[in-house]
Amino acid sequence: MSNVYTGLAYSKINLHLDVLNRMENGYHNVESIMQSVSLCDKLSLTVDELPNDSECVIEIVANNSKIPNDKTNLVYKCAKKLLDYTEIRAKKCIFTIEKNIPIAAGMAGGSSDGACAMKLLNSALGNLLSYDELCKIGAQVGADIPFCLTGGTCICKGIGEKITPINSFKDIYLVSAIDYSSVSTPVAFSMLDEKFGTDCTSSKNIENMVNAIENNDISAVASLLYNKFEEVIIPTNENVQKIKDIMIDSGALGALMSGSGPSVFGIFMDENSQKNAYEALKNCSINAFLCKTI
C-alpha cells in the first residue's frame, strides 16, 4: 500500500532587501528580512517501494501547465539531492502540486515547493535528516530554500542561506498583487550591477526594521519597507508603481515589491482596508490575493 504525505508550501515577502557586493562566484551578498505569508501551494507525496536493485524514481504532477514536470523543477532537484545524500534506493516518489502562489513573482513559490518536498520526503524516510542537514542540502539548490524550511520572520544574509529567526511578525493583514510582466532574477541582479556597481555596502539600516518588527509596530514596519530592486525594476515596469499607488490610495500603510518582482504587497491595519484595496485592484483587472503574515 502506498503511503501519502501532505504539506503546505507558504510564499514569502521581503520586508527589507538590500543587495550588496557581487562575489567572485557571481552570487551577491544580501541583507534581507523575509516573512512567511499565508498564500500557499499544497503538496502531496506518494511513496511506493521498488525492487531492491532499482534506482529511485521521482515524478511530478501539477495543476498548472506552466510548472515543469522534469528535472528542472525545484521539487525534483530538492528530492534528488536529498535521496542522493541519504543514499536511499528503490523508492518511487510522486509529488502532486496544487499551485496557488503566482509563478515567477518574487514570492519564492518554487523554492517553497522544494522546501516542502524535502520535509515530506524526510518524513517518509523516518526523519533521517536534521533541520541543519535539510538546510545544507536545500542551499545547494536555491538560496531561498533554507528560509522556506525555517519560515516565520528571519534575517537572511550571505546569498540568503544564513538564517537568523526573530520575533514573528504574524497575523498582519496583507494584499499581494501581480501583473505578470516579470524580469528574471539574474537579469535583475545584472541591472543592479550596472546601476550601482559590484562592490556595494549596506545602504539601509536593517536594525531599525528589526526593532520595529520585534516591537510589533505595524506602522513603523510599513514606513521602513525597502527593496533595492525597486530602483531598477520600477523604471522598466510601470505596473509595479501602479499597483503600489492603488494600495496606498486604498488604505495601505505601506507597499513594496517583493524579491526581484514583479509582485507587490501592501500592509494594512485592519481587514476593512485590506478588502478595500483588494476590490480596487480587482476592479483594475489586477490579480490580487488576500493573505496574512504567519
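These notebook entries record what I looked up about cysteines and about one pair of helices in a predicted model.

**Entry 1: disulfides**

I recalled that a disulfide is a covalent bond between the sulfur atoms of two cysteines. I then looked for such bonds and found zero disulfides in the structure. I next asked why cysteine 56 has no bond to cysteine 93. Cysteine 93 holds the cysteine sulfur closest to that of cysteine 56, but the two are 6.0 Å apart, which is too far for a bond. The cut-off I applied is that the sulfur atoms must lie within 2.5 Å. Cysteine 154 is likewise in no disulfide. Its nearest cysteine sulfur belongs to cysteine 156 and is 5.5 Å away.

**Entry 2: exposure of the cysteines**

I looked up whether cysteine 154 is buried or exposed. Cysteine 154 has a relative accessible area of 0%, so I entered this residue as buried. For cysteine 56 the relative accessibility is 23%, and I therefore entered that residue as partly exposed.

**Entry 3: helix 1 and helix 3**

I noted that two packed helices are described by the angle between their axes and the distance between the axes. Helix 1 covers residues 74-86, and helix 3 covers residues 131-139. I recorded an angle of about 125° for this pair, with the axes 9 Å apart. The two helices are therefore oblique to each other. The crossing of helix 1 past helix 3 is right-handed.

Which residues make the contact? From helix 1 I listed Lys81, Leu82 and Tyr85, and from helix 3 Glu133, Leu134 and Ile137. Sorted by class, this contact has four nonpolar and two charged residues, with no polar ones.

Methods
Residues numbered from 1 in each chain as written. Predicted model: local features only at pLDDT ≥ 70, side-chain atom pairs only at ≥ 80, totals over all residues. Heavy atoms only, no water. Buried < 20%, exposed > 50% of the residue type's maximum accessible area, 1.4 Å probe, protein only. Axes fitted to C-alpha atoms, helices over the stretch in contact; angles between N-to-C directions. Helix = DSSP H or I, 4+ residues; strand = E, 2+ residues; numbered from the N terminus. Parallel < 35°, antiparallel > 145°, perpendicular 65-115°, else oblique. Left-handed = near helix turned anticlockwise from the far one by under 90°. Contact = heavy atoms within 4.5 Å. Nonpolar A, V, L, I, M, F, W, Y, C, P; charged D, E, K, R; others polar.
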